[in-house]
Amino acid sequence: MNSHSGRGSAPWSRVWRGGAACALLALLTSGLFLLALKSGSIAVSWGELWRGLFVEYNPRVAAVYDLRFPRVVVALLAGAMLAASGLFLQAALRNPLADPGIIGIAGGAAFTAALVGAFFPMLYFSKPLFAFIGGILSFLLIYRLAWKGSLDPVRIILVGVAVSATCAGLSAALFGAGANPLISGLVQRSWGDVRQLSLYAATGILAALLLAPACNYLALEDRTARGLGINADLLRGVVSAVAVMLASAATAIIGVVGFLALIAPHMARRFVGSDHRILTPFCLLLGAFVLLAADTLGRLVAAPAEIPASVLMNVVGGPFFIILLQRGERIGRS
Amino acid sequence: MAGHKLTVENLSFSYAGAAPVLRNVSFTLRPGGVTTLLGANACGKTTLLLLMSKNLKPNGGRVLLDGRDIATIRLKDFARQAAVVHQKNTAPDDLSVERLVAYGRIPYSSLFRGRKAEDGERVAWAMEATGIADIARQTMGALSGGQRQRAFIAMALAQDTKLLFLDEPTTFLDMRYQVETLRLIRELNVKHGLTILMVLHDINQALMYSDEVIGLKDGMVLAQGPPAAVVTEDAILALYGVRLPVRGEGGRMWVLPV
């Protein structure tokens, strides 16, 4: 039969396209990485950078290595983690508006991380772990409060806003109105931060990639998934836990960055479609790229002053969120 | 015909804090036959189907598959023995028909086992049997209502089960697709030996396409048997609360639902 000839070529071409898109984005991100290392208040040339890193000591390159390099690496890791977190939350809750910042997970994580940092400084290096606990607690609270027989997409946002506000209020009450002093965005990130983050980044990203195929099944009705032998509730729980872990650990190191986790998955779906096997790696790369781009732009655009990446993300993300609300779009219309 | 004797035993169910939906329901599905559940809205048809497919747990009684309580059967093993086409189906718009149908092979997959040739063959067969082989590459978003329904039936067929449950398979379809879907269901039963249980709203469709009908009223079985014996003017009055003329000619029966 005609219809059967070349079966399999369509999926393969899709995989190929997805792979090509990922490779291209990886290349762009690498380019941005180098650019971010080179640019800033301490100016170094490509040659200096290369020789300083690999050949001989150069005090200016050493300063870049100690100050700028870890910041750039943290931005890449945290960006990837936040984007994947948003993607997984959107899949688990079947809610295109889900974002760990908006629904209050990041707020809970940041609050517990700050709490531990302030009262148990000896536990400083387990900050991401405590943030994870805080994140899980707020997630369970939000889930519980938003549950009315089923999860209402808008209700979960409203509850999340309330939880976020409460956490922000508590932080302000404890640490002063400014913001909490222990978490200050991407500025002054050190190699210690990279070490702290990388364990969670590696675990979380690996888990995300392994779970990616199963995330596709969450786009079906729960009944349909169960009919295929998939325990949909368990799968949703695991996917949510990975999302909360990724967001909490990133938040423990760089504080609350809103909207990245919302925007990156939507952009990624535009580029590579809704198949999580391709969407997940693409989304990880896109998150890394966007956060590093925002941070680098923020460093350069008004030098010597800096615009925090989180501020840039809010400026771009706010209107984006409004557009999504207006469209009321859903994943997988029936 | 082993492998698909389904018995419902004294099944009772109520949603938390609400009045009972099912009360002491018992019946045995005719192996190798097409059975249709009839009843007014909210009489418990869909709930019954959910209980029979491990989507809900009964408050009392049990469902037996070849003598074994389905509560003790793992979800994955159950998915190799019974497939369900639900009334409401969701899939991403950019998912290809072929990929959706291939989801039907999930019950046979495991982390350590790749795709087998058998999976591909079964998927191809399911698409052939439902007449969607020529649209295998299209995406779900591009399909008509009838094609969508066929794709989900094909997914259930790919599960390679002896039992097939369908919840109102014709409800959202226009006349032509309704007839096509019902003919397909009959064909699956006759040609491929599937034991089928479906929920229908249309009595005439039930009369035409079933070997047996079960009338459900207020969560209880009112009647079970061959359609000609069960579908009478009195039974319709009892089931739906309205008196309708039942006519017959040349061995065929119909109800005038006006």
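**Helix α8 of chain A and the fold of chain B**

Residue D222(A) sits in helix α8 of chain A, which covers residues 222–227. The model examined here is a predicted one. D222(A) counts as buried because 20 C-beta neighbours lie inside 10 Å, and 20 or more such neighbours within that distance are what a buried residue requires. Along the chain, D222(A) and S310(A) are 88 residues apart, and their C-alpha atoms are separated by 36 Å.

Turning to chain B, its secondary structure comprises nine helices and twelve strands. The C-alpha atoms of chain B occupy a box of roughly 55 × 40 × 35 Å along the principal axes. How does the radius of gyration of chain B, at 258 residues, stand against that of a compact globule, and what is the value? A compact globule with 258 residues would have a radius of gyration near 18 Å, and chain B, with 18 Å, agrees with this. Of these 258 residues, 42% count as buried. Contacts that bridge long stretches of sequence are well represented too: among contacts in chain B between residues at least 6 apart in sequence, 66% join residues at least 24 apart.

One sheet of chain B deserves a closer look. It is an open sheet of four strands in the order β2-β1-β4-β5, with antiparallel pairing. Strands β2 (22–28) and β5 (68–69) of chain B stand at its edges; each has a single partner strand, so one side of each is left without a neighbour in the sheet. Within this sheet, β1 (residues 6–13) and β4 (residues 60–65) of chain B run antiparallel and are joined by five bridges. As for individual residues, T7(B) has L64(B) in β4(B) as its bridge partner. Packed on the sheet is helix α1 (residues 45–52) of chain B, which touches β1, β2 and β4 of chain B. The direction of helix α1 of chain B makes about 120° with that of β1(B).

The two chains also meet. At this interface, 24 residues of chain B are in contact with 22 residues of chain A. On the chain B side, α2 (75–78) and β6 (82–85) each supply at least two of the residues that touch chain A. What is the make-up of the side of chain B that touches chain A, in nonpolar, polar and charged residues? The residues on that side divide into eleven nonpolar, six polar and seven charged.

Conventions:
Residues numbered from 1 in each chain as written. Chains lettered and ligands numbered in written order. Predicted model: local features only at pLDDT ≥ 70, side-chain atom pairs only at ≥ 80, totals over all residues. Contact = placed C-beta atoms within 7 Å. Nonpolar A, V, L, I, M, F, W, Y, C, P; charged D, E, K, R; others polar. Buried ≥ 20, exposed ≤ 12 C-beta atoms within 10 Å, placed from the backbone. Rg over C-alpha atoms; globule rule 2.2 N^0.38 Å. Pairing = 2+ DSSP bridges. Axes fitted to C-alpha atoms, helices over the stretch in contact; angles between N-to-C directions.
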